[in-house]
Amino acid sequence: IERLESKIHAFITLTAEKALEDARRADARRIAAHRHPDETLPSLLGLPIAVKDLLTVAGVRCTCGSRILENYVPPFTATAVQRLVDAGVVIVGKTNTDEFAMGSSTENSAYGATFNPWDTGRVPGGSSGGSAAAVAARMVPAALGTDTGGSVRQPAAFCGVTGIKPTYGRVSRYGLVAYGSSLDTAGVLAHSAEDAAILFWPMAGFDPLDATTVEQPPSVWHTPESETLKGLRIGVPKEYFLPGMQPEVEEKVRAAIRMLAELGGEVHEISLPHTEYALPVYYLIAPAEASANLARYDGVRFGYRASADTLGELFNLSRSRGFGAEVKRRIMLGTYALSAGYYEAYYGQAQKVRTLIRRDFEEAFQQVDIIATPVTPTTAFRVGEHRDDPLAMYLEDVFTLPTNLAGVPGLAFPVGFDRQGLPVGMQIMASHFREDLLFSVAYHYQ
Ligand code: GLN
C-alpha cells in the first residue's frame, strides 16, 4: 500500500497501527495454538482486508466519500464487518467511494478519484472503486463493497477482479450507510470466486438488527467435486447485447459462454422484456429513497455543521457545503419524484414497472439456472470522460441495475482483455439465495 497508494489512491483512511496490533494478536494466537492442539482458531485469522468507507467500523471514521461526514466516527460496527472480524480478519483501511455510493467511477468522491491499476489514466469504476483497485493492485487479497445498482460488479469488471452482489436480504445492512434501502447490498471483491466465497458465507445470514434479513439454511461453500457443469442451463438474454456496445466486450463474453458450454452447460437464448425500463425505474426509485435517507444529515445530528444564526440557515448551509453536486442532483430528483402531484406519476409508476422486471427474472429462472451477460457495455473509461455528462455515467449501469431491482444475486468475474489490455467482465445471475450456484459456475470457469 505504501508503495502504490500515491498512484492509485484506493483508500480514504488507513488503519495501519490498529492493523499491526490486530495482526500481532493473531500471530500470538497462532503460536499459542501450537501448545493447545485442541483449540480451533477462527477460520480467517490474520487475513488482511479493506472495507469500503460506506460500512462502519467502530472507532474508525466513516466518511462515505462525503465532506458532510468528514469527521464522523461511528460507535458501532456493521454486522457484515463484525462477522468477519469475529472470523479473524484484520482491517487495513477504508476504501474510496463515490459520495454516498452515487456514481460509477469514484470521481464523485469528495476525497479525489481512485485510478485503475491497469491504466492509471482510467477510472476503476464505482462506487466501490477503491475496493476494486486495492484488490487488483494486490494491496489486499480481498475487500468489502456495497452494491445498490452495480457498485460491486462494475468496478470488479473494470479492474479485472471477481465481485459478488448477494440476494437482497442475505447479508445484513446494519451499519451499511443507507443510499437506496430497498436496493442496497453488501458484497465482496476478491481475486477469484473461491476467495470471494470464503469471505462471503461468514458475512451472510439473519441479523436481528436488520429486519429485511431472512433465516436461510446455512449455505456452506464446498469446492465443487464434479469437474463439469453438466446439465447447467445458461440463459443468454438478447436484451443485454446492445448495438452500441464495445465489440470486444461482446466477443469475450460470448467466448466465455462457449467455454461454459464446453464444461457441460446448455445455452438457451432467453428474453427479459422489461430490461429497457430498468434504467429509468432505478433512477426514480434510488434517488427517491436517497432523498429520504439523506435527510438525516442536517448539521445537527452528524458530521459537518456550518455556523449560522438561525436553525433554517444551519440546515441550509450545512447541506449546501457538505454535499457534492451529484448527491444534490439525486436529492432534488428524488424529492421531485416523491412530491404531491407527481408521486403516482413517477414513484408509483416506477414501483409497478419494478414488479414487472422482477417477474421477468422469475419467469426466466423457470427455464434456466443462471443468466449470463456482460457487466458493462465498455471496458474502463478515461478519467474525466463522463464528468460533465451524468446521463452517460448513468448508462454505465444498464446491465447491473435490473439485478438490484429484482433482488436476485449477481457475480462479476474477468473473462479476458480488450485490445488495450483492459479487463472485460462477465456477469452471471441466479434466482434468490442461489449464490452457491454463481460461485460454483465461476469456480469451474476459473
Ligand atoms: N452507479 C449507480 C448509481 O450511481 C449504482 C451505484 C451503486 O450501486 N451504489 O446509483
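Colleague: Which phi does Arg138 take just after helix 4?

Modeller: Arg138 has a positive phi of about 60 degrees. This is a predicted model, in which local features need pLDDT of at least 70, side-chain atom pairs count only at pLDDT 80 or more, and totals for chains, interfaces and linings use all residues. Residues are numbered from 1 along each chain as its sequence is written.

Colleague: What makes residues 129-136 a helix, and why number 4?

Modeller: A helix is a DSSP run of H or I with at least four residues, a strand is a run of E with at least two, and both are numbered from the N terminus. Helix 4 has 8 residues, so the length condition of at least four is met.

Colleague: Why is helix 4 called largely enclosed?

Modeller: A residue is buried if 20 or more other C-beta atoms, placed from the backbone, lie within 10 Å of its own; 12 or fewer makes it exposed, and in between it is partly exposed. In helix 4, 8 of the 8 residues are buried, so the rest of the structure largely encloses this helix. Among them are Gly129, Ser131 and Val135.

Colleague: How many residues of helix 6 (residues 193-203) are buried?

Modeller: The count is 8 of the 11, so helix 6 is also largely enclosed. Its buried residues include Ile198, Phe200 and Trp201. Their cover includes helix 3 (79-86), strand 4 (142-147) and helix 14 (435-445).

Colleague: What makes the largest nonpolar core a core?

Modeller: A nonpolar core is a set of buried Ala, Val, Leu, Ile, Met, Phe, Trp, Tyr and Cys residues joined through C-beta atoms within 7 Å. The largest has 127 residues, and Leu189 is one of those with the most contacts inside it. Helix 8 (residues 278-293) gives the most to this core, with 9 residues.

Colleague: What does Leu189 touch?

Modeller: Contact requires C-beta atoms, placed from the backbone, within 7 Å. Beyond four places away in sequence, Leu189 touches residues including Val135, Ala143 and Val161.

Colleague: How do you know that strand 2 and strand 3 pair?

Modeller: Two strands pair if DSSP finds at least two bridges between them. Strand 2 (residues 48-52) and strand 3 (residues 90-95) are joined by 5 bridges and run parallel, so they pair. Val51 stands opposite Lys94 in strand 3.

Colleague: Why do strand 1 (11-14) and strand 8 (266-270) stand at the edges?

Modeller: The open sheet has 11 strands, in the order 1-3-2-4-6-5-10-11-9-7-8, with mixed pairing. Strand 1 and strand 8 each have a single partner strand, so one side of each is without a neighbour in the sheet.

Definitions and conventions. Two residues are in contact if their C-beta atoms, placed from the backbone, lie within 7 Å.
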